[in-house]
There are 2 protein chains.
Amino acid sequence: MELHNLTELEILALSAEVNVADGHPRQRLTESQRAIVGKFPELFALAAGVPFEALETRAQRSYMDAVQQAAAPVGSGRIFSGYASSVCIDAVARCLSESAPRVGLIHPTFDNIPDLLKAWSVQLVPVDEDQMDASGIERAGGGDLDAVFVTTPNNPTGRVVGEAALADIAQYCAARDMVLVIDTSFRGFDVRAQYDTYELLDATGVDYAVIEDTGKLWPASELKLGMVATSERTRLQLERAMTDILLSVSPFVCLFVDALARDAADGGFEQLHRLVADNRERVRNGLRDAPNASVVETDTRVSVERIKLADGVSAALLWEQLRSRGVHVLPCGQFHWARPGDGDCFIRIALGREPEMIERAIAEIRHSLETAPELAMQSTA
Amino acid sequence: MELHNLTELEILALSAEVNVADGHPRQRLTESQRAIVGKFPELFALAAGVPFEALETRAQRSYMDAVQQAAAPVGSGRIFSGYASSVCIDAVARCLSESAPRVGLIHPTFDNIPDLLKAWSVQLVPVDEDQMDASGIERAGGGDLDAVFVTTPNNPTGRVVGEAALADIAQYCAARDMVLVIDTSFRGFDVRAQYDTYELLDATGVDYAVIEDTGKLWPASELKLGMVATSERTRLQLERAMTDILLSVSPFVCLFVDALARDAADGGFEQLHRLVADNRERVRNGLRDAPNASVVETDTRVSVERIKLADGVSAALLWEQLRSRGVHVLPCGQFHWARPGDGDCFIRIALGREPEMIERAIAEIRHSLETAPELAMQSTA
């Protein structure tokens with residue numbers, strides 16, 4: 001297990017019969033999304049005839065509007081588009097290594113964030129998501145951090161850093177001239193994460209980078225935009241880092257994202273939220289009375305759900321048993337990047353799926369949980 | 001000028017009236033390419049219903065077949081797909097920094113290659129493309145290199161490392177346990193770069209990474225695949241580096257690339273080669289008798305062409321003057337990443353354009369060259 005990162009486990013699931021491993025959207029297109037795809041040839045022709053800058057600005061504006069970010073600096077030259085949010089995270093990691101190398105990072109979170117930061121020799125200090133406020137950061141970092149990196153809503157827990165808490169963190173960072181990085185990739189699922197982040201941050205004067213992502217929301221065959229926006233004044237050399245990777249994103253994808261974002265604002269998000277909420281209820285109802293597991297009854301709204309395993313039951317072993325039956329979930333150890341043992345009592349189930357897929361996964365998970373004696377943690381755990 | 005990398009100069013040109021700056025394909029779709037785009041909705045639906053691995057393998061196989069790479073390790077788990085070749089170069093740079101940090105890099109070449117390598121703290125030693133063979137590498141590196149990085153065909157010169165020279169380099173690297181990295185992004189333009197690289201490399205036992213790219217060939221609105229293939233035995237931890245960045249490329253893009261590659265093999269490459277050759281002739285004929293410039297009469301076949309400026313005429317100043325008239329080329333200083341002064345006597349003109357765009361660019365360049373007194377290099381140059 002320790003040889004693999006979470007993405008490698010997700011890749012194993014890509015061609016599996018029952019894949020509730022990765023958090024990418026794999027539900028069917030809605031009717032209005034299907035209509036957009038039906039216009040692909042026209043969008044492609046249109047993209048070739050419009051200046052790129054106009055297409056990019058339009059896509060960024062539509063997405064930011066859909067997630068209520070009126071103060072996002074669209075058109076200012078301070079939002080860089082990338083092929084995916086990970087490309088943006090990689091660029092931010094490079095910039096942090098150059099100018100803010102000691103970083104307090106939320107714990108747990110998806111492991112490619114700490115892995116990319118560590119690859120760039122950034123030094124990481126875990127900040128528990130339960131203590132993600134100014135005093136928690138101060139305790140964790142001993143007053144010796146250059147930056148804070150927050151994922152909100154968080155993956156896999158769905159935890160949202162609320163408006164007051166973020167203001168507290170931003171003021172703390174601004175007062176100490178620390179950089180604040182926020183990954184908001186899952187905010188489309190949760191209106192509680194859609195207060196105007198840019199207005200809040202700009203008011204504090206903090207040096208910030210905010211990562212946005214259209215890739216977790218719509219079943220768009222990985223046609224997506226990552227974006228990273230910075231404060232007006234920043235020590236991060238993001239333009240250089242991003243232009244070393246790309247000339248531009250796809251003009252066609254800009255138009256596709258623009259259409260999807262407008263559709264989301266026009267009722268698509270409600271449909272998406274309903275699908276995720278219904279699938280969450282399916283998982284909870286299906287596993288609430290399962291042996292050797294319990295439902296985590298938090299008010300999370302993101303497109304993944306965690307199930308807690310009984311004491312002595314290993315998520316890593318359950319993952320292996322399910323995998324041998326063609327069913328892929330994620331064991332949560334590696335989300336807890338500083339203390340993997342803390343997470344081995346959870347599995348993560350993706351909810352961006354058709355209900356039938358969720359039902360099949362639940363039946364298989366129940367079946368495996370019933371053979372829990374085989375899932376007891378070994379003394380090597 | 002020194003504040004900008006080449007990509008930043010290209011971005012300035014993206015919305016310009018006359019953009020012959022970037023080497024991305026901006027010609028019109030051919031009839032058969034238009035037919036493929038016409039089937040986008042069907043391709044999208046198909047992509048959602050086929051296991052990803054099958055789609056990726058098919059796209060890789062079709063591309064490798066189109067550029068005659070029969071021995072490419074498709075389906076072996078040794079070719080990783082990325083959103084673009086730069087994403088692959090970034091991952092290779094990370095791996096080199098971990099396990100082969102002293103690298104002999106071809107000179108000149110597009111500046112994002114040295115920039116990405118330097119960002120990862122790789123130490124670079126220039127190897128002149130005129131001396132890119134075993135003895136040239138030995139002379140340049142003093143026997144103290146961990147790896148060699150070759151771009152072939154090279155950008156901007158179009159220089160191809162032939163089969164015998166590559167065998168010589170690969171044997172040299174294998175004998176010294178050095179890594180050999182080859183960026184072949186432009187090979188689709190030049191059949192002389194289409195001998196079976198993988199067969200050659202595998203026969204020497206060298207530890208290699210080969211970067212392939214569909215992004216320079218077809219006007220596909222930046223829907224493309226970068227790929228990086230490694231030797232069976234390698235010290236490069238590429239799987240880890242790539243999975244930190246992405247779960248998978250787009251299934252839809254896999255099908256699009258598959259169709260474009262099959263079309264290329266079925267006559268599309270001939271059409272493309274003719275367009276590039278005709279545009280090259282337009283540039284050469286249009287500027288052969290222009291004042292203060294001369295045509296570089298090499299047998300290059302890639303989709304860019306260099307023009308040499310007369311002594312005392314600065315490419316940087318010509319670039320500025322053209323830019324003020326809405327015409328964008330690339331001044332070549334920064335391709336010469338170790339000695340920028342060596343390149344300031346060249347401008348680069350992109351050929352992946354409609355003939356009318358080339359004609360307009362030529363007329364503007366001629367006009368500017370006629371005012372060459374203003375383009376005389378300052379003593380600050």
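# Notebook: a predicted two-chain model

**Entry 1. Helix α5 of chain B.** I began by listing the buried residues of α5(B), and found B:S85, B:S86, B:V87, B:C88, B:I89, B:D90, B:A91, B:V92, B:A93, B:R94, B:C95 and B:L96. I note at the outset that the model is predicted. The helix covers residues 85-99 of chain B and has 15 residues, of which 12 are buried, and I therefore record α5(B) as mostly covered. I then checked its length: the span from the first C-alpha to the last is 21 Å, close to the 21 Å expected at 1.5 Å a residue.

**Entry 2. Strand β3 of chain B.** I turned next to β3(B), residues 102-107. How many residues of this strand are buried? I found 5 of the 6, so the strand is largely enclosed by the rest of the structure.

I looked up its partners in turn. With strand β4 of chain B, residues 123-128, β3(B) shares 6 bridges, and the two run parallel. I took one pair as an example: B:I106 has B:V127 in β4(B) as its bridge partner. Between these strands the chain passes through helix α6 of chain B, residues 112-119, and I recorded this β-α-β crossover as right-handed.

With strand β5 of chain B, residues 147-151, β3(B) is joined by 3 bridges, again in a parallel arrangement. Here I noted B:L105 opposite B:F149 of β5(B).

**Entry 3. Residue B:A134.** I located B:A134 in helix α7 of chain B, which comprises residues 134-141. Is B:A134 buried or exposed? I obtained a relative accessible area of 12% for B:A134; the cut-off for buried is under 20%, so B:A134 counts as buried.

I then asked which residues B:A134 touches when neighbours within four places in sequence are left aside. The contacts are B:D168, B:I169 and B:Y172. I also looked up the separation between B:A134 and B:D258: they lie 124 residues apart in sequence, and their C-alpha atoms are 36 Å apart in space.

**Entry 4. Chain A as a whole.** I counted 13 helices and 13 strands in chain A. Its radius of gyration is 21 Å, close to the 21 Å given by the globule rule for 381 residues, so I describe chain A as being as compact as a globular protein of that length. For its dimensions along the principal axes, I noted a C-alpha trace of about 60 × 55 × 35 Å.

I recorded 64% of the 381 residues of chain A as buried. Among contacts in chain A with a separation of 6 or more, 75% are between residues 24 or more positions apart.

**Entry 5. An open sheet in chain A.** I followed a sheet of 4 strands in chain A, ordered β9-β10-β13-β12, and found that the pairing is antiparallel and the sheet open. Which strands stand at the edges? They are β9 (293-295) and β12 (330-331) of chain A; each has a single partner strand, so one side of each is left without a neighbour in the sheet.

I examined the β12 edge further. β12(A) pairs with strand β13 of chain A, residues 346-350, over 2 bridges in the antiparallel sense. In this pairing I noted A:I347 of β13(A) as the bridge partner of A:P331.

**Entry 6. Relation of the two chains.** Finally, I superposed chain A on chain B: the operation is a rotation of 180° with 0.0 Å of shift along its axis, at an RMSD of 0.0 Å. The two copies are thus related as by a two-fold rotation axis. I checked the contact residues as well: 100% of those of chain A recur in chain B, and the same surface serves both copies.

How values were computed:
Residues numbered from 1 in each chain as written. Chains lettered and ligands numbered in written order. Predicted model: local features only at pLDDT ≥ 70, side-chain atom pairs only at ≥ 80, totals over all residues. Heavy atoms only, no water. Buried < 20%, exposed > 50% of the residue type's maximum accessible area, 1.4 Å probe, protein only. Pairing = 2+ DSSP bridges. Right-handed = clockwise from strand over helix to strand, strands pointing away. Expected span 1.5 Å × (residues − 1). Least-squares fit on C-alpha atoms with pLDDT ≥ 70 in both. Contact = heavy atoms within 4.5 Å. Rg over C-alpha atoms; globule rule 2.2 N^0.38 Å.
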